[in-house]
Amino acid sequence: MTGIAAAPFAFPLDRDRVALIVIDMQRDFIEAGGFGASLGNDVSLLSAIVPTVRRLLDGFRAAGLPVIHTRECHRPDLSDCPPAKRLRGAPSLRIGDPGPMGRILIAGEPGADIVPDLAPLSGEIVIDKPGKGAFYGTDLGLRLVDLGISQLIFAGVTTEVCVQTSMREANDRGFDCLIATDATESYFPAFKAATIAMMTAQGGIVGWAAPTDAILEALHD
Ligand code: C5J
């Protein structure tokens with residue numbers, strides 16, 4: 001077992017039981033001209049991490065370790081989208097509405113796709129999730145048990161919404177979780193910083209945090 005230099009203390013990496021999970025690196029959240037941009041968000045913050053997420057992906061792929069991708073999206077008939085999710089607030093576009101890259105957050109639409117630089121390779125698991133958390137309404141838990149995974153390295157967007165929710169779900173299910181600090185991002189930098197601080201506080205109450213270099217260094221030790 002090798003340790004990853006991490007906060008609040010070294011992460012006990014177990015190469016036989018670790019997987020990378022990349023949360024929602026979808027065109028609609030990340031690309032100029034997508035849903036996130038149409039809501040007035042500065043997507044350049046999110047697109048800036050694509051090369052770092054790619055380095056993590058390449059590191060896990062080169063080491064022959066499992067990679068999981070998630071996409072936040074719904075069925076075209078919206079049967080898996082609670083009205084409370086679709087109708088809350090007064091956004092200019094709602095889930096299922098026609099947007100700049102097809103229907104917003106609908107499976108199969110161009111905007112729901114993962115950005116080309118991070119596209120899943122054949123054999124990698126892709127989880128379509130109707131909620132913010134990757135375990136809610138999906139078979140992710142079963143897939144991880146099948147693979148014998150007990151440790152998850154998290155990357156993706158947004159830090160305080162889908163990444164944090166998924167990491168908390170995983171932590172409650174008994175996984176050791178680490179967030180890659182430079183391979184996750186938020187439209188709101190203060191929210192990212194607060195999320196990482198709260199998850200690693202109290203002796204790692206939700207998990208660990210480390211930069212990509214530290215993760216890759218430990219992988220290749
Ligand atoms: C994600 C969102 N992926 N912010 N979704 O964080 O609604």
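Start by selecting strand 9, residues 176–185, in this predicted model. Of its 10 residues, 7 are buried, so strand 9 is largely enclosed by the rest of the structure. Buried here means under 20% relative accessible area. As you look along the strand, keep one idea in mind: in a regular strand the side chains alternate between the two faces of the sheet.

**One neighbour: strand 8**

Next, add residues 151–157, which make up strand 8. Strands 8 and 9 run parallel and are joined by 6 bridges. To see where they face each other, click on L152: opposite it, in strand 9, stands C177. How does the chain get from strand 8 to strand 9? Follow it through helix 7, residues 159–172; this β-α-β crossover is right-handed.

**Another neighbour: strand 10**

Now select residues 208–210, and you have strand 10. Strand 10 also pairs with strand 9: the two run parallel, with 3 bridges between them. Pick A180 in strand 9, then find A210 in strand 10, which stands opposite. To trace the connection, colour residues 189–204. This is helix 8, through which the chain crosses from strand 9 to strand 10, and here too the β-α-β crossover is right-handed.

**Last stop: G40**

Finally, jump to G40, in the loop that links helix 2 (35–38) and helix 3 (44–47). Is G40 buried or exposed? Its relative accessibility is 66%, so G40 counts as exposed, the cut-off being over 50%. Now show Y187 as well, 147 residues away from G40 along the chain. Draw a distance between their C-alpha atoms, and you should find a separation of 10.0 Å.

Key
Residues are numbered from 1 along each chain as its sequence is written. This is a predicted model: local features need pLDDT of at least 70, side-chain atom pairs count only at pLDDT 80 or more; totals for chains, interfaces and linings use all residues. Side-chain values use heavy atoms; hydrogens and water are left out. Helices (H or I, at least four residues) and strands (E, at least two) are DSSP runs, numbered from the N terminus. Buried means under 20% relative accessible area, exposed over 50%, partly exposed in between (1.4 Å probe, protein chains only). Two strands pair if DSSP finds at least two bridges between them. A crossover is right-handed if, with the strands pointing away from the viewer, the path from the first strand over the helix to the second runs clockwise.
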